[in-house]
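User: Hello! Could you take a close look at one sheet in this structure for me, and then place it in its wider setting?

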Amino acid sequence: MRALVLRQLTKTYKNGIKALKGIDLEVERGDFFALLGPNGAGKTTAIGIVTSLVTKTSGVVEVFGHDIDRELEIAKSCIGVVPQEANFNQFESVQTIVVNQAGFYGIPRHVAKQRAEVYLKQLQLWDRRRSIARSLSGGMKRRLMIARALMHQPELLILDEPTAGVDIEVRRSMWEFLRLINGEGTTIILTTHYLEEAENLCRNVAIIDGGRIIERDSMANVLRKLQAETFVLNLREARTAVPRLEGFRAVLADDHTLEVEVSRGQSLNRVFAQLSEQGIEIDSMRNKVNRLEELFVRLVDSRGRAGAAEALT
Amino acid sequence: MTAPAGRAAARWIGFRTTLIREFGRIVRIWGQTLLPPAVTSTLYFVIFGSLIGRRVGQVGGHDYMQFIAPGLIMMSVIQNSYGNVVSSFFGAKFGKYLEELLVAPLPNWLIVLGYALGGVIRGFMVGTVVTIVSLFFTRLGVLHPVLIVSAAFLTSFVFALGGFINAMLAKNFDQISWFPTFILTPLTYLGGVFYSIRMLPPWALDASHANPILYMVSAFRYGFLGTADVDLRLAYAIMVIAAVGMFSLAVVLMNRGVGIRD
């Protein structure tokens, strides 16, 4: 059974903006799925419809086979949602927020209190359980929303930009936690601006732009579609001229940094061989930009150009 | 996911949680919810009851202080039931934590009922506080306890729902003060809280019968004093119809997502 099915989902807001123009999407049970797209692409609208915070214009939404038009309560009980912005009462304590949320999902209070201890400890918030939510740091607030979303142990967890604005250490620990609960069977759908996050965590990906899905594949396949990557080589000795690299485009970013574009099918060994022949030693190497980011920009750009061409004809 | 005992049990827990949260809010901010009515009603009793009341004499066969005490209690119940829901619901909407309820598997009618009964709880808590204050100034007998409780319940339920509907429709904080300032307060003051409508000239007496608060105050006062300005059956019919009508309207607005869903 699929965790989520969207069929021909559309949303037109009262001001006439068509946020979704017929989206079809399927997410398998147990998947760790990335929904990517630029600002205003329709990600949050799609999530809003699935979590019933936004009313759809047309189309079908099924959560574990439960159609939200016919079995809304059951569908809702399967979903946990972590929104982009803090949406809890800033004047309530951490523990009150999570225990009450469990209550709204029909979890008895004594069970909710036990779960609150488990999740708040896992997310390093137990020591702050009596603190007023307003006093928490940005990272703590994000973790609080994750704990709150898990209190009814949902089968599908939807996270809308969960690590936006949190420091690297907190982000890494949240990644570990999300991997853990996905490993325990929870299906996770993630939207993020940090494409590195999607590349690290997710097995499948959909890219949404202008209210349409423009790419839907496994993360591995999507990354294979990259036609070229730029590698940054740190040179041991300073250079004033670009080394001769036949078949490759290369530029000197500074006297110790060489950037080489390697197209699909080309071997990095040829780069190293030519540099060795010239007596150039390399200390280290990295990708210039995140690979998914590169692909993302190209997809969105090519779509923009196609749209512009269409408009001209 | 742990399956709750059943849908009814899950709904009951969700509903109870809404009430617990509302009760927690009332108690947490007691300085805004419970204390001001005590201070205000004390001032009313001192100024209208002791100072002016002595010169008024008897109203409907009762001391003026005794006459206004049920009215002042009911006025506090009305204002606080209304005020509780309008501020709690609009605060949740404005602070976006209403989403906690909207994403949960609770039917809309239960969310409306939870907030409305939260308002009733505050109405009863404040009503009790004002009753205690009144006992420092006058003696209040309880002739018909069922009438007192039922009239207070229906009235606070109606105005709690009024607060809910106002909060749903309001787009900013200004709009949640319009209704209490321009409609609720005038109707309350003209609803027989401080006087018997029999003291009014004929045209004003007739006009007063169009004020629903008159029926609520009168029914409540009858429970204490055994006298009323209106027919009790009509008073209860108006309260029940208003409660059902307001509840239905609030649920319809919730189902349509007015002011809360895009």
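Analyst: Happy to help; the sheet comes first, then the domains, then the contact between chains.

Please keep in mind that this is a predicted model. The sheet in question is an open one in chain A, built from four strands in the order β12-β13-β11-β14, with antiparallel pairing. Its edges are β12 (249–254) and β14 (282–287) of chain A, each of which has a pairing partner on one side only. From one strand to the next, the twist averages 25 degrees.

Let's zoom in on one pair within that order. Strand β11 of chain A covers residues 228–235, strand β13 of chain A covers residues 257–263, and the two run antiparallel to each other, joined by seven bridges. As an example at the residue level, A:T230 has A:E261 in β13(A) as its bridge partner. In general, strands of a sheet pair through backbone hydrogen bonds, either parallel or antiparallel.

Now for the domains. Chain A is split into domain 1, made of 2–78 + 154–224, and domain 2, which spans 228–291. Taken over C-alpha atoms, the centres of these two domains of chain A lie 38 Å apart.

Finally, the contact between chains A and B. Chain A contributes 29 residues and chain B contributes 25 residues. On the side of chain A that touches chain B, the elements giving two or more residues are α2 (72–77) and α3 (94–104) of chain A. The largest share there, four residues, belongs to α3(A). By character, that side of chain A holds twelve nonpolar, 13 polar and four charged residues.

Note on methods:
Residues are numbered from 1 along each chain as its sequence is written. Chains are lettered from A and ligands numbered from 1 in the order in which they are written. This is a predicted model: local features need pLDDT of at least 70, side-chain atom pairs count only at pLDDT 80 or more; totals for chains, interfaces and linings use all residues. Domain bounds come from an automatic or database domain assignment. Two strands pair if DSSP finds at least two bridges between them. Axes are lines fitted to C-alpha atoms, for helices over the stretch in contact, and angles run from 0 to 180 degrees between N-to-C directions. Two residues are in contact if their C-beta atoms, placed from the backbone, lie within 7 Å. Ala, Val, Leu, Ile, Met, Phe, Trp, Tyr, Cys and Pro count as nonpolar, Asp, Glu, Lys and Arg as charged, and the others, Gly among them, as polar.
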